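Open the model in your viewer and keep the selection tool at hand. The stops below say what to select and what is there.

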Amino acid sequence: MVADGVCRGGFSARPSLFASSSLAQPPAPPTETASTSVTDTVDGSHHLKVSGYSLLKGMGIGKYTTSDTFSVGGYDWAIYFYPDGKSTEDAATYVSLFIALASEGADVRALFELTLLDQSGRERHKVHSHFGRRLESGPYTLKYRGSMWGYKRFFKRTALETSDYLKDDCLLVNCTVGVVRSHTEAPRTYNIPVPPSDIAHHFGRLLESGEGADVSFEVDGEIFSAHKLVLAARSPVFMAQLFGPMKDRNMHCIKVEDMEAPVFKALLYYIYWDTVPDMEELAGLNTKYASTLVAQHLLAAADRYALDRLKLQCEVKLCEDVAIHTVATTLALAEQHHCFQLKSVCLKFVALPENLRAVMQTEGFDYLKLSCPSVLSELLEYVARIQENSVISSVYADDALDGSDTNGRRVKPRI
């Protein structure tokens, strides 16, 4: 009995190994996290024109005309206009204007603004708005489809009919809805860099390797291999030529007329790489003149194969590189391929007195006269306009020298 007591006492007096280890560990630091609850509005507006206001009068109290439904914040809405008012107690004294929820929804919280536009141009609009002010009870809540917000006594009819809000028997109403949305933002716990798209790189390598090529083109004595599906996907012209009902019978090798080999090579480069090749490198000459010539030919090729983005890029390049020796041929090109901004830039450049004589002495101007004679009349208009402006400027300059202001009054010179 004693031995049992000693054993039990001795065992209980010694601390366990696990207990001492637990007591020795420091407490773990508290975990800290953060997030942000963000509440804002998804806004949208609708403009309603109420035409034939006088014909709406007398339709009856509580009767209305509506706008078409419009969507804001994932819900449909509609504007309701009551020409004889919404409430019988007002005896058609006022017109009423409301915005209504036109789709299913429960407890849709929103801000509203109803504006009757002043049509006199003085912008004295009649505005009722939740936006930009503090709302004691918060945004308005619409509980079901057909719920409305607005004004039974929006405007007194007699005052409205003699006001600038009514013009040509029409009223103009703007409605803005801001649907309240909340979401929680938390810091990202990951950082995964996503590289930019490299699809053009893969297609470019496909062109360089020639693997799987199933069509070839002979251009000015050179042979270019390509892939029918890639060409057809990029160009509607190639789509018709390779897969359309009038497709070229000689699919093994299609001959391309009226195009130089370097230009077709640049065209294929763009189709596969989706970028314009270096013009100077393509021309083999490190000069602006050479790159301009390539850009001219490439623009014509882009238009021929309906590569609209490439055509615009070439147009930008030619606008930036307008010069005496190339502007006339560029102007002819702009006229033939309907590049209206490029045409305007060229006309303004040629019409300048310091440029006109030099441009007329170039071979390109002779080509312009033969290929696009109608452009010459437009050029004369630009020249006349510049001369007219210069005459007006010289008149004002003479007045100033004569000691008068532009109204002909004598001005005492300052000493």
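Start with helix H8, residues 261–273, and pick out Tyr269 and Trp273. These two residues are four apart in the helix, so about one helical turn separates them. The model is a predicted one. Show both side chains: Tyr269 and Trp273 form a stacked aromatic pair, with 5.8 Å from centre to centre and 20 degrees between the planes. Now colour by accessibility. Tyr269 is partly exposed, at a relative accessible area of 31%, whereas Trp273 is buried, at 16%.

Next, look at aromatic pairs elsewhere. How many aromatic pairs does the structure hold? The count is 14. For one of them, select Phe112 and Trp149: their ring centres are 5.4 Å apart and their planes meet at 15 degrees, so this pair is stacked. Trace the chain between the two and you will see that the pair links distant parts of it. Phe112 belongs to strand E6 (residues 108–116) and Trp149 to strand E9 (residues 148–156), with their positions 37 residues apart. Are these two rings buried or exposed? Phe112 is buried, with a relative accessible area of 0%, and Trp149 also counts as buried, at 8% relative accessibility.

Keep Phe112 and Trp149 selected and add Trp77, Tyr140, Tyr151 and Phe154. Together these six residues form one aromatic cluster.

Move on to the surface and select Tyr190, Ile192 and Val194. Their side chains make a nonpolar surface patch of about 380 Å². Val194 lies in the loop between strand E10 (170–185) and helix H5 (199–209). Val194 is exposed, with a relative accessible area of 72%.

Go now to helix H14, residues 353–360. Which of its residues are buried? They are Asn355, Leu356 and Val359. Turn the view to look down the axis of H14: the buried residues fall within an arc of 110 degrees, so they line one face of the helix. Then select Pro353, Glu354 and Arg357, which are exposed and sit on the face turned away from the buried side.

Finish with the cysteines. How many disulfides does the structure hold? There are zero. Select Cys175, which is buried at a relative accessible area of 0%, and then Cys372, which is buried at 4%.

Conventions
Residues numbered from 1 in each chain as written. Predicted model: local features only at pLDDT ≥ 70, side-chain atom pairs only at ≥ 80, totals over all residues. Heavy atoms only, no water. Buried < 20%, exposed > 50% of the residue type's maximum accessible area, 1.4 Å probe, protein only. Arc of directions from axis to C-beta. Disulfide = S-S within 2.5 Å. Patch = residues over 30% accessible without salt bridge, like charges linked within 9 Å, V, L, I, M, F, W, Y side chains within 5 Å. Areas by Shrake-Rupley, 256 points an atom, 1.4 Å probe, with all protein chains shown as cover. Salt bridge = Lys/Arg side-chain N within 4 Å of Asp/Glu carboxyl O. Phe/Tyr/Trp six-rings, centres within 6.5 Å; stacked < 30°, edge-to-face > 60°.
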